[in-house]
Amino acid sequence: MFFCCERCALQLRGLLARVKSATGWSRVDALELEGDRRGRRGLATHGDGRFRFFVAFNAEGEVRKFDALPVDDPGGPPAHEP
Amino acid sequence: MAKCPACLVGFGPGAFDGLALHLCERANESDADHVRWLNQNVTKERTEAADLTPMVVRYFDLGGETLGEWIRARFVSKFFGKVPHPFVVALQHPSREVLSGYVIEHQHFLRQWVRSCAFIIARTDRPDVVRYELDNLNTEFGGDGPERVPHYELLLRMGESIGLERAQVLATPPLPATRRGIDEWNRIASTEHWVSALAAMHSLELIANRELPRFGATLPYFDPGILRGNDITPASQAFLREGYEADVGHSDEALSLVSRYAVELGVVEEVQATFLRSADLFDDYLIARLERADRLGG
């Protein structure tokens, strides 16, 4: 996997760790992310499992905020943090 | 002199081709600050220097605007645009934790602020700039008796009103983004042209300028309704009211001084780059206030 910079790589590693911790999954098959640097809504899948979340990072690329969202969350870029 | 808005390395006057080449080189090395600046301001596509040059020229072009208007437009777009900065959103109706994050990180910011103002006084030869900064030092740090309590003291009182011991606030080290901002603002104020330092610091006062909705801001800094009622403590109202009432004139006067002296002294391009760097540092610093709030459970 290629990243534009180390900060983005750190963000993805941190996000995957939080998703695995929240779901108990051993791996994440796919991630869909919508939003921008202010915060992103995401959908993670593992087999038939689906997990929706909001994530935002600090300036160093560490996860600053991570919240589970309802499975019926409509998705789309977040207007602001939940 | 064109300068890089990510690292402030300088090129020749109008040398945006050199700047574009530098941005490409640093982005190809995956440097996070340069990638970030390109992604957020010019393009998310990988672009060769020859194609990037006209895009960078367009970005820095003042068009028919004064430098102050150019700065204000970019500030509004960055912090009060379609997706406003998360701290601005949180401050509309702030929790105790958000205000605590404000206090703990901002006392570090204000202590650097007065050092930056002092550097500008030491390095300018213009009496109106000295007077402007002296007024600023008094407002922020010196005060004038019980009727004119300085902003720094109002901040600490806000902290006490929400349960933060003054000694605890003063003993808490800044988060990394705050530390990085302070270090870079200190370097800017002590080594960049004093007009660049003036722009870098006082453009940030636009954050509390209540006139910004006239210039496209989608939100004010906070909902002015919280200055009344019981949503926040009286000491918090006093702190926020001070900035809300003071910073319109302050930021407008600073931008006027910046516009005038940047043109007169031929430093428009480096002032633009230094402002942009400062705005990125400020963006990260505002996130640090939220990060502090998150750590306190907000």
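What follows is a walk through a predicted model with a chain A and a chain B, starting where the two chains touch.

The size of an interface is often given as the accessible area lost when the parts come together. Here, chain B and chain A bury about 1600 Å² between them, and 49% of that area sits on carbon and sulfur atoms. On the chain B side, 25 residues take part in the contact, while chain A brings 19 residues to it.

What holds a charge across this boundary? Three salt bridges are counted between chain B and chain A. In one salt bridge, the side chain of A:Arg7 meets that of B:Asp33, with 3.2 Å from N to O. Polar contacts turn up too: six residue pairs between chain B and chain A are in polar contact, both partners being at pLDDT 80 or more. As for where the touching side of chain B comes from, at least two residues each are supplied by α2 (32–41), α5 (86–91), α10 (176–191) and α13 (268–295). Sorted by type, the residues on that side of chain B come out as eleven nonpolar, nine charged and five polar.

Turning to chain A itself, the chain contains one helix and four strands, and from the N terminus on they run α-β-β-β-β. Of its 82 residues, 43% count as buried. Among the contacts in chain A with a separation of 6 or more, 34% join residues that are 24 or more positions apart.

Why is there no disulfide between A:Cys5 and A:Cys8? The two sulfurs are 3.9 Å apart, and a disulfide needs them within 2.5 Å, so the gap is too far for a bond. For A:Cys5, the closest cysteine sulfur is the one in A:Cys8. In fact, the structure holds zero disulfides over all chains. The surroundings of these cysteines can be read off as well: A:Cys5 is buried, at 7% relative accessible area, whereas A:Cys8 is partly exposed, at 27%.

Chain B has a couple of backbone oddities to look at. Most residues other than glycine have a negative phi. B:Leu8, though not a glycine, has a positive phi, near 65 degrees. This leucine, B:Leu8, lies in the segment before α1 (16–28) of chain B and is buried, with a relative accessible area of 6%. B:Ser30 is not a glycine either, and its phi is positive at about 65 degrees. B:Ser30 belongs to the loop between α1 and α2 of chain B, and it is partly exposed, with 30% relative accessible area.

Notes: Residues numbered from 1 in each chain as written. Chains lettered and ligands numbered in written order. Predicted model: local features only at pLDDT ≥ 70, side-chain atom pairs only at ≥ 80, totals over all residues. Heavy atoms only, no water. Contact = heavy atoms within 4.5 Å. Buried area = accessible area lost by both parts, 1.4 Å probe. Salt bridge = Lys/Arg side-chain N within 4 Å of Asp/Glu carboxyl O. Polar contact = N/O pair within 3.5 Å; in protein donor to acceptor, adjacent residues only side chain to side chain. Nonpolar A, V, L, I, M, F, W, Y, C, P; charged D, E, K, R; others polar. Buried < 20%, exposed > 50% of the residue type's maximum accessible area, 1.4 Å probe, protein only.
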